[in-house]
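Biologist: Hey, got a minute? I'd like to go through this structure with you, bit by bit.

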Amino acid sequence: MTAVVGPNGSGKNNISDAMRWVLGEQSTRALRCSKMEDIIFSGTPQRKAQGFCEVTVTMDNTDRELNYDGDTVSVTRRFYRSGESEYRINKTLVRLRDVHELFMDTGLGRDGYSIIGQGKIDSIVSAKSEDRREIFEEAAGISRFRYRKEEAERRLEKAEENLIRLHDILNELEERVGPLREQAEKAEKFIALDSEKKELEIGLWLETLERSGKIVREVEEKIASTQNSYEEAESELNVLSAQIEQNFTETNGCTAQMEEARLKASEADELATRKEGEVSVLENDILHEQQTIRRLNGEIESAALTGQTLEADIQEKEQAVKAKEAEAAQNHADFVAFTAQLEELRAGTDSTTREIDAVSAELVSLNAALSEMRVQQSSAESSMQEIRARAETVDAAITESEERLAALHTECEELDAMLHDTAEYIQNAENTVQGHEMRVQQRRKRAEAVKAEADRQMLDAKEKERRAGLLEDLERNLEGFTQSVKTVMRESTRGNLRGIHGPVTRLLKVPREYAVALETALGAAMQNVVVDSEDAAKAAIRLLKQRDSGRATFLPLTTVRGTVIDARDVQNMPGFVGVASTLCHCDEQYAGIRDSLLGRTIVAEDLDRAAEIARRIRFRYRVVSLDGQIVNAGGSFTGGSAARNSGLLSRSAEIARIRADAQMLAQAANETLERHKATQQEVLQAMAELENAKAVLAQHREDEIRFKAEAARAARDVETETANLASLRDEKESAARRLSGFVQTADSAQQKTEETEDKIQAARSKMESMVGDREDAMHRCDETLQHLQ
């Protein structure tokens with residue numbers, strides 16, 4: 001054993017891929033690439049890209065295991081970047097097919113089991129029975145024979161198709177022999193008649209030329225007389241043309257004079273219109289000037305009246321100004337006297353005002369100090385109230401914090417228990433989901449199998465329908481019938497022939513098991529055409545002669561009558577099947593035709609039985625075996641293989657049978673589809689159950705995540721609450737210390753406040769007496785100011 005080891009990406013798989021490739025692998029996916037050009041070296045910064053890739057494998061063939069005459073076998077495969085490929089065995093150029101055949105039954109081929117790649121075992125295990133059969137055949141060493149068998153079958157099918165085609169061509173040519181003989185006879189007659197026709201045509205042409213010469217001379221005389229008349233008419237026409245030209249010239253002169261007079265009238269009308277417009281403009285100007293004159297006269301009169309009134313007002317205003325100037329001079333003298341008196345009073349009040357200001361300043365400072373003391377006292381009292389209120393709040397908060405801390409500890413314990421239960425629920429839900437997934441896979445595989453069966457049945461039904469359609473096309477196009485029969489049926493369809501019922505094969509209904517025997521019994525009569533009467537047959541024959549479409553046999557319903565042999569003497573003989581006319585059925589009107597063609601023919605099981613029956617009836621009637629062998633009346637034998645183009649008689653029955661088979665297959669496919677729908681419903685139900693289980697699992701996982709988050713949050717709340725409780729207790733101790741300090745500050749501020757209030761009372765008494773003296777002086781000043789005013 002040889003082991004190839006190495007890290008990932010070192011090229012281990014390239015060795016097996018190279019072996020697979022040189023043995024004929026064509027799938028790029030099996031070679032781990034997207035296109036075949038990817039296996040060619042694309043180059044590196046140090047090495048240039050290559051234009052082709054090549055693999056050669058050399059094998060020891062001393063035991064002649066390989067079907068090749070040589071001790072060593074070297075197989076080479078080369079692929080160019082242009083897409084061309086070469087295969088060589090011992091440096092000899094060969095085909096890919098030769099390489100495949102060389103390694104058949106050895107297990108080394110591209111389809112062999114000697115190279116097991118990644119995933120190949122799974123694909124073999126899950127492969128269809130047909131694929132596994134190929135592997136077993138390769139291992140058993142019979143794939144070469146299967147391949148050769150398939151190749152031989154393909155060649156046989158092609159050869160059979162060629163033979164069928166040759167038989168068709170031969171039959172067609174045989175059918176053409178008779179018409180061609182008749183056509184040859186007609187051609188000979190045509191040649192003789194054609195020579196006679198040419199002689200007659202020459203004589204006819206000479207006679208025609210002589211008559212035409214006489215006619216030409218008569219026509220030339222008529223042309224000469226007509227030419228003279230034409231010249232006279234032309235001279236008269238020239239005279240009339242000159243007169244018309246003169247009249248046209250005079251008419252143009254009159255037209256020019258009329259146009260000149262019309263132009264002058266138009267200019268006069270324009271001048272009159274322009275003058276009327278100018279008159280209208282002048283009249284409007286005159287009316288406007290008159291209105292302007294009347295307006296200006298009114299303004300002049302109004303201005304004269306306004307000037308007299310203004311002179312009287314000016315005189316009154318000048319007298320009033322003089323009186324006001326005298327009064328102002330008197331008031332100025334009084335103002336000077338009172339101003340002197342007011343200055344004396346103000347000088348007396350200035351000293352009193354300065355003393356009041358000093359006392360006021362002292363009072364202000366005392367009030368400021370008193371306000372400061374009161375602020376300190378009020379602030380201390382407010383702070384003490386706040387501290388006491390905060391202490392009460394802190395006590396309540398401490399109590400609540402202790403209660404919350406205990407509740408949080410309880411909540412953490414409950415969340416831990418819920419997390420444990422949720423983990424168990426998740427484990428159970430995961431097991432349930434796995435079970436549902438396995439059930440879904442099983443039902444899905446079953447549904448796929450049912451779908452594949454339905455598809456196969458539907459394809460078979462479509463293939464049957466296609467074959468039935470092909471046979472219907474053949475039946476519709478009368479394939480297999482002679483050209484004459486096709487012509488008659490085509491013209492009957494178009495309405496050119498009446499009374500045509502159709503070929504015998506279309507009127508007889510034959511079971512499938514008797515089709516070959518009856519077709520052999522009928523022979524060429526299968527293409528006989530049934531018609532209403534002798535007249536219809538004559539019309540059809542005349543049409544065939546006119547169209548040169550060959551010959552056909554017609555069976556008039558009015559003249560053809562058949563007889564059926566008495567089968568009582570032979571019906572008990574071994575191998576007797578029946579009289580041919582009794583083995584098929586048709587409409588009653590065609591019974592005479594059927595009995596005429598098949599009433600004197602006996603059908604036996606095989607040739608031996610047919611010969612025995614013919615011998616017993618002394619070869620009076622024709623006996624046909626089921627496989628198409630004939631013992632003719634009189635003792636001659638006709639037989640061999642059945643013609644490949646047979647089946648005209650049973651084609652309709654074959655179409656009906658294939659249609660019935662297609663309908664049965666379609667019905668089976670529909671039933672299988674219904675089963676597929678049921679399995680799909682089961683799959684959907686299983687998927688719904690799976691989704692429900694996944695939803696339950698997802699819900700449990702969400703619960704787990706939520707519980708974990710709640711537990712983490714509870715732990716954080718415990719830490720926060722513990723820190724908060726410690727902070728509240730520290731705050732309570734600090735508040736007690738601050739409260740004692742504010743009590744001392746409030747007592748000191750109260751004592752200072754009382755002392756300051758006594759000083760303020762004494763300063764107020766002194767300032768009140770000084771203010772009274774100043775008010776008396778100010779009263780006298782006010783009286784003086786009133787006199788000044």
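Modeller: Sure, let's start with one pair: Arg-77 has Tyr-87 in β3 as its bridge partner. Keep in mind that this is a predicted model.

Biologist: Okay, so how many bridges join β2 to β3, and which way do they run?

Modeller: Five bridges join them, and the two strands run antiparallel. Strand β2 covers residues 72–80.

Biologist: Remind me, what holds strands of a sheet together in general?

Modeller: Strands pair through backbone hydrogen bonds, and the pairing can be parallel or antiparallel.

Biologist: And what links β2 and β3 along the chain?

Modeller: They form a hairpin, with four residues between the strands. In that turn, Gly-83 has a positive phi of about 105°.

Biologist: What about β3 and β4, how many bridges there?

Modeller: Three bridges join β3, residues 85–89, to β4, and these strands run antiparallel. One example is Arg-88, whose bridge partner in β4 is Leu-93. β3 and β4 make a hairpin as well, with two residues between the strands, and Asn-90 takes a positive phi near 50° there.

Biologist: So what's the strand order in the whole sheet?

Modeller: The order is β1-β2-β3-β4, in an open sheet of four strands with antiparallel pairing. The edges are β1 (52–60) and β4 (92–94), each of which pairs on one side only. On average, neighbouring strands are turned by 25° against each other, ignoring direction.

Biologist: Switching topic: how many disulfides are there in the whole structure?

Modeller: Zero, after a search of the whole structure. A disulfide is a covalent bond between the sulfur atoms of two cysteines.

Biologist: Why does Cys-33 have no such bond?

Modeller: Because the closest cysteine sulfur, the one in Cys-53, is 9.7 Å from the sulfur of Cys-33, which is too far for a bond. The cut-off used here is within 2.5 Å. Looking from the other end, Cys-53 is in no disulfide either, and its nearest cysteine sulfur is that of Cys-33.

Biologist: Are those two buried or exposed?

Modeller: Cys-33 is buried, at a relative accessible area of 16%. Cys-53 counts as buried too, at 12% relative accessibility.

Biologist: Which strands make up the three-stranded sheet?

Modeller: That one is an open sheet in the order β5-β6-β7, and the pairing is mixed. β5 (500–503) and β7 (554–556) are at the edges with a single partner strand each, so one side of each has no neighbour in the sheet. From one strand to the next, the twist averages 25°.

Biologist: In what sense do β6 and β7 pair?

Modeller: In the parallel sense, over three bridges, with β6 spanning residues 529–531. Val-531, for instance, has Pro-556 in β7 as its bridge partner.

Biologist: Now the helices. Where is Glu-411?

Modeller: Glu-411 sits in helix α5. Its relative accessible area is 23%, so Glu-411 is partly exposed.

Biologist: And how far is Glu-411 from Ala-711?

Modeller: They are 300 residues apart in sequence, but 8.1 Å apart in space, going from C-alpha to C-alpha.

Biologist: Last one: which residues make the nonpolar surface patch?

Modeller: Ile-202, Leu-204, Trp-205, Leu-206 and Leu-209 make that patch, and its area is about 580 Å². Leu-204 lies in helix α5, which runs over residues 143–476.

Biologist: Great, thanks!

Methods: Residues are numbered from 1 along each chain as its sequence is written. This is a predicted model: local features need pLDDT of at least 70, side-chain atom pairs count only at pLDDT 80 or more; totals for chains, interfaces and linings use all residues. Side-chain values use heavy atoms; hydrogens and water are left out. Patches are made of residues with over 30% relative accessible area and no salt bridge: like charges are joined within 9 Å, nonpolar side chains (Val, Leu, Ile, Met, Phe, Trp, Tyr) within 5 Å. Accessible areas come from the Shrake-Rupley method with a 1.4 Å probe; for residues, only the protein chains shown count as cover. A salt bridge is a side-chain nitrogen of Lys or Arg within 4 Å of a carboxyl oxygen of Asp or Glu. Buried means under 20% relative accessible area, exposed over 50%, partly exposed in between (1.4 Å probe, protein chains only). Two strands pair if DSSP finds at least two bridges between them. Axes are lines fitted to C-alpha atoms, for helices over the stretch in contact, and angles run from 0 to 180 degrees between N-to-C directions.
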